[in-house]
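Reader: I would like to understand how charged side chains can pair up in a protein. Could we work through the structure step by step?

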Amino acid sequence: MNRYFISFLVIIIAFIVGCNNPTKKAQNTSTVDVDSISILTNLLISDSLNANLLASRAELYLRKGNIDPALRDLQAALSLAPNDAGLFILLADIYLVLGQTDNSIASLKKAIRLEPANEIPYLKLTEVYLQLDDPTTALRYVDEAISLNSQNTESYYVKAIGLMAKQDTAAAIINLKISSNLDSSNYMANMHLGVIYTASKDPLSKDYFEKALVARPDDEKALYYLGMYYQELREFSKALDKYSRITELYKSNKRAYYNMGYIYLVEYEDFENAKLMFQEAISINPRFIEATYNLGRTLEALGDLKGAREYYKKSLELLPNYPLAVQGMNRLDDMLRKK
């Protein structure tokens, strides 16, 4: 991907993205940025009129969220190289972070006038107009980008996002497939295809989630969707394998623990393991009502009626009149009356 294309689409679909170890990666990236800024600063001491060095430092400042120094460096670079289209693309990114969409659009149009054969400002304009909830204009600009470079996998992915905004899922799928075919390691395109096919219960979803895992081995979201896929097919051992892998790598994934607990409880009647899984899910989120109820259900199956009542009661505290918990309490009352 071109270094100037910092797509907000990655942000709005963050429920899919997820790094393998986001905290560690963020720390490493931050350290690299600080070191790189220091290096660039030292280079600028002896070469203060180097627009490329200033632009590179501005980009690093932007990545760290330090907008004021990024803007200062970029303005200095523009005074030295006023006809550099790439600088205006970076300026548009800064304006976008500041919420100044009009200035961002103006900067990108200036970049197009300076370098009309570059597809990147067209893609960035697509981004801005998607943010402005104007998919029609966004699609016009992304089509321009594709006409300039029909091999850029990102263009078809962005076009698919615009088409989904217009609720044209069929056309979006076509463009996602083009993006995936151009670059089989395109994580976002493959994840989107997997999610779309999951919604329609199409077994093709598995293929795309596996492609996503090739691009990002042990990715949390891809593993979870694959686990759900196998669970729907009643291939419970494979589902448990995926969920277990998630809990090894991502200790705070309550849903993976919950899904394992549900399989142990309902499908295997392995109540001890079910109990452990639901307890783990609740330890991560004490307000996780489904896990709370199902822990009560598990304790009931184990014959611990006092414990079951406690968790049914907690479920009702979390959600008054929760139907399943009410039914559970009624069952326990019936048992007491029959004794």
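Author: Let us begin with one residue of this predicted model, namely Glu210, which has a relative accessible area of 32% and is therefore partly exposed.

Reader: With which residue does Glu210 form a salt bridge, and how far apart are the closest N and O atoms?

Author: Side chains of opposite charge can pair when their charged atoms come close. The partner of Glu210 is Lys206, which at 21% relative accessibility counts as partly exposed. Because the two residues lie 4 residues apart in helix H12 (residues 204-215), about one helical turn separates them. Lys206 and Glu210 bring their closest N and O atoms to a distance of 3.1 Å.

Reader: Which residue pairs with Glu310 in a salt bridge?

Author: Glu310, with 40% relative accessibility, is partly exposed, and its partner is also described as partly exposed, at 33%. The two are 4 residues apart in helix H18 (residues 305-318), so about one helical turn lies between them. Their closest N and O atoms are 3.4 Å apart, and the partner is Lys314.

Reader: Which helices hold Lys159 and Asp143?

Author: Lys159 and Asp143 form a salt bridge whose closest N and O atoms are 2.9 Å apart. This pair links distant parts of the chain, with the two positions 16 residues apart in the numbering. Lys159 belongs to helix H9 (residues 153-165), and Asp143 belongs to helix H8 (residues 135-148).

Reader: How many salt bridges does a search of the whole structure find?

Author: The pairs discussed here include Lys206 with Glu210 and Glu310 with Lys314. Searching the whole structure gives a total of 15 salt bridges.

Methods. Residues numbered from 1 in each chain as written. Predicted model: local features only at pLDDT ≥ 70, side-chain atom pairs only at ≥ 80, totals over all residues. Heavy atoms only, no water. Salt bridge = Lys/Arg side-chain N within 4 Å of Asp/Glu carboxyl O. Buried < 20%, exposed > 50% of the residue type's maximum accessible area, 1.4 Å probe, protein only.
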